[in-house]
Amino acid sequence: MAELAAALEHANLPALVPVLFQLTGDRKWLQDPYRPTRSRGMDDNDSGGFSPQVAAEIKAAALEAVAAHDAGTAPAVPVPTGAALVELLELANGETVPPEYADMVAEDNGFEVVPPRVAPPTDIDAIIIGAGVSGMLAAIKLREAGIEHVVLEKNDDVGGCWLENIYPGAGVDTPSYLYSYSFVPRAWSTHFGKRDEVEQYLRDVADEYDLRKVIRFGTEVVSADYDPETASWTVRTQDGEELTASVLISATGALNRPKIPPIPGLDTFHGPIFHTATWPDRLDLAGKRVAVVGTGASAMQVVPAIAGTVARLAVFQRSPQWVAPNDVYFTEVDNAVHLLMERIPFYRRWYRTRLAWNFNDRVHPTLQVDPEWEHSDRSVNAANDGHRRVFTRYLESELEGRPDLVEKALPDYPPFGKRMLLDNGWYATLRRDNVDLVAEGVAEITPTGLRGTDGTGAEVDVIILATGFHTHRYLYPMQITGRSGKTLAETWGPENAHAHLGITVPDFPNLFITCGPGTALGHGGSFITVAECQIHYIVDLLVTMAERNLRAVEVLPGVEEDYMRRHDEAHSQMLWTHPGMTNWYRNAAGRVVSTMPWRIIDYWRMTREADLDQYQVEPRVQPALEDASR
């Protein structure tokens with residue numbers, strides 16, 4: 001036990017206290033002085049705010065409880081649910097947690113095991129487009145349900161955006177232990193997974209679940225047409241091949257097709273010019289003069305990663321971003337932590353649960369517009385204004401002595417108006433002698449450089465476009481044609497996509513979309529959580545179709561209209577409609593297209609069970625006509 005005792009010095013104590021109660025059943029661990037303090041912001045709060053004496057007592061008790069467990073003592077409370085689980089949630093997080101979270105946490109933690117629904121023998125089969133996070137998940141869950149399927153993937157391996165985005169610094173801004181499937185844990189090497197490890201994780205999942213045998217790599221889909229006579233989809237690939245199935249599931253993601261802005265002179269530049277998502281192999285930037293266009297999430301990762309290599313770096317910023325501090329962005333996860341997760345029952349579950357609370361719905365109430373708030377130009381409510389003060393103080397401290405950078409880098413719109421970014425050395429990079437922050441958009445690209453909208457020029461050897469993706473053009477550039485002969489692009493227009501639950505659209509029977517309109521997370525959290533909700537809903541609906549011998553389901557127009565009305569009304573009361581900024585969440589008309597207005601718990605409940613009353617259904621076998629003599 002000596003190794004475990006040493007490892008406990010690295011424990012997250014707020015995650016350890018509920019473990020103690022589960023192992024021992026002693027209610028003293030639910031009371032002071034063993035109740036941790038509330039985390040500040042998104043801090044891990046490893047110490048829990050405990051005194052050294054109390055911390056030592058907790059660790060010693062944990063060591064003793066694990067020893068008893070190893071000796072055969074069963075946990076006193078192995079499956080806390082309901083009110084008992086809420087009590088532990090509040091203990092671990094040091095604050096009130098609404099009771100409605102109990103069911104979701106119980107399922108995510110494995111305290112409540114929901115056996116997968118299995119379809120009876122059926123002719124239903126599916127084509128899944130994409131072998132990224134959602135496509136792989138769909139394949140795993142369809143196999144569990146006993147539904148035949150094939151995955152069509154344009155690349156030569158799994159991973160989706162994590163396979164494609166190889167730019168320096170690429171990684172997640174969601175904690176590693178949260179950015180993973182709930183049923184496939186990993187001993188992550190860093191607190192925030194970098195691209196290579198995230199891609200390896202997905203490859204490992206593909207191996208563990210033997211997914212490659214149902215994936216056809218190097219197969220790009222160009223179109224799909226629904227045939228109402230056969231109630232089936234015919235999918236055409238770039239190579240001219242046709243495949244047919246009763247169900248079509250799109251898992252192409254929203255960050256799939258790079259967006260290149262129509263900058264004058266784009267084709268005239270004499271050197272390398274490329275989007276971050278198409279980073280050239282073996283590119284050598286050593287000693288080069290480089291320009292980065294954009295200061296969003298990709299730019300914030302690229303710029304610190306290359307600043308020490310290039311001779312000079314010009315960063316063209318159309319709009320500054322809010323940046324939150326994070327002490328462990330680059331920190332490796334100590335092997336002691338891996339040992340704790342392997343050896344201490346329930347510890348991994350509580351560690352993940354705390355991350356989920358801190359990074360998911362905790363901030364959501366602070367994003368609601370207070371119509372009485374008197375400082376609506378800078379924030380949307382008092383709590384949001386408090387966030388502004390915290391992030392502003394952090395910016396000013398990081399850029400102390402550089403009022404020029406403070407002026408350029410400080411946003412004038414409310415925090416969380418764009419997805420919050422974590423400081424990965426961004427401010428420190430801006431202070432470098434070889435880095436110039438140009439607070440201008442790009443007006444023109446010349447054969448030898450760029451010119452900003454206010455006239456600032458930069459002569460460079462390489463231009464990197466960190467300009468985002470076609471986030472409003474879902475399933476682009478595929479042509480998806482529905483029952484009436486109308487395409488999705490015609491139904492939605494260029495940037496006004498809509499779908500019931502972000503999953504399904506009238507006139508497109510048996511078509512289901514993952515990462516669809518209105519399902520991106522603007523308030524934080526892991527999209528994998530949302531993907532698991534969506535796939536759960538889709539599989540539930542398909543199994544129900546098989547049980548009831550249905551050949552097609554199509555969401556009723558009124559159902560989708562009601563959902564979108566509620567979606568848009570919820571957004572009208574939220575931060576992302578604030579006029580003080582632009583973001584990729586909303587379209588040119590101001591409608592929020594991409595982001596979910598709901599808390600994750602709300603969406604989880606919405607997708608627990610598919611309601612056939614919301615669908616027009618077609619039986620596989622038409623009822624026999626009644627005897628005319630009756």
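User: Before we start, what does contact mean here, and which residues does Ile-58 touch outside its own stretch?

Analyst: Contact means heavy atoms within 4.5 Å. Leaving aside neighbours within four places in sequence, Ile-58 is in contact with Leu-13, Leu-16, Val-17, Leu-20, Trp-29, Tyr-34 and Phe-50. Keep in mind that this is a predicted model, where local features need pLDDT of at least 70 and side-chain atom pairs count only at pLDDT 80 or more, while totals for chains, interfaces and linings use all residues. Residues are numbered from 1 along each chain as its sequence is written, and side-chain values use heavy atoms, with hydrogens and water left out.

User: Why is Ser-134 called buried?

Analyst: Buried means under 20% relative accessible area, exposed over 50%, and partly exposed in between (1.4 Å probe, protein chains only). Ser-134 has 6%, so it's buried. Its contacts, not counting residues up to four places away, are Ala-251, Thr-514, Phe-527, Ala-531 and Ile-535.

User: What makes Phe-274 and Trp-279 an edge-to-face pair?

Analyst: Rings of Phe, Tyr and Trp (its six-membered ring) pair if their centres lie within 6.5 Å; planes under 30 degrees apart are stacked, over 60 edge-to-face, the rest tilted. Here the centres are 5.0 Å apart and the planes at 80°, so edge-to-face it is.

User: And Tyr-329 with Phe-330: how do you know which is buried and which is exposed?

Analyst: Tyr-329 has 4% relative accessibility, so it counts as buried. Phe-330 comes out at 53%, so that one is exposed. Their rings also pair edge-to-face, 4.9 Å centre to centre with 85° between the planes.
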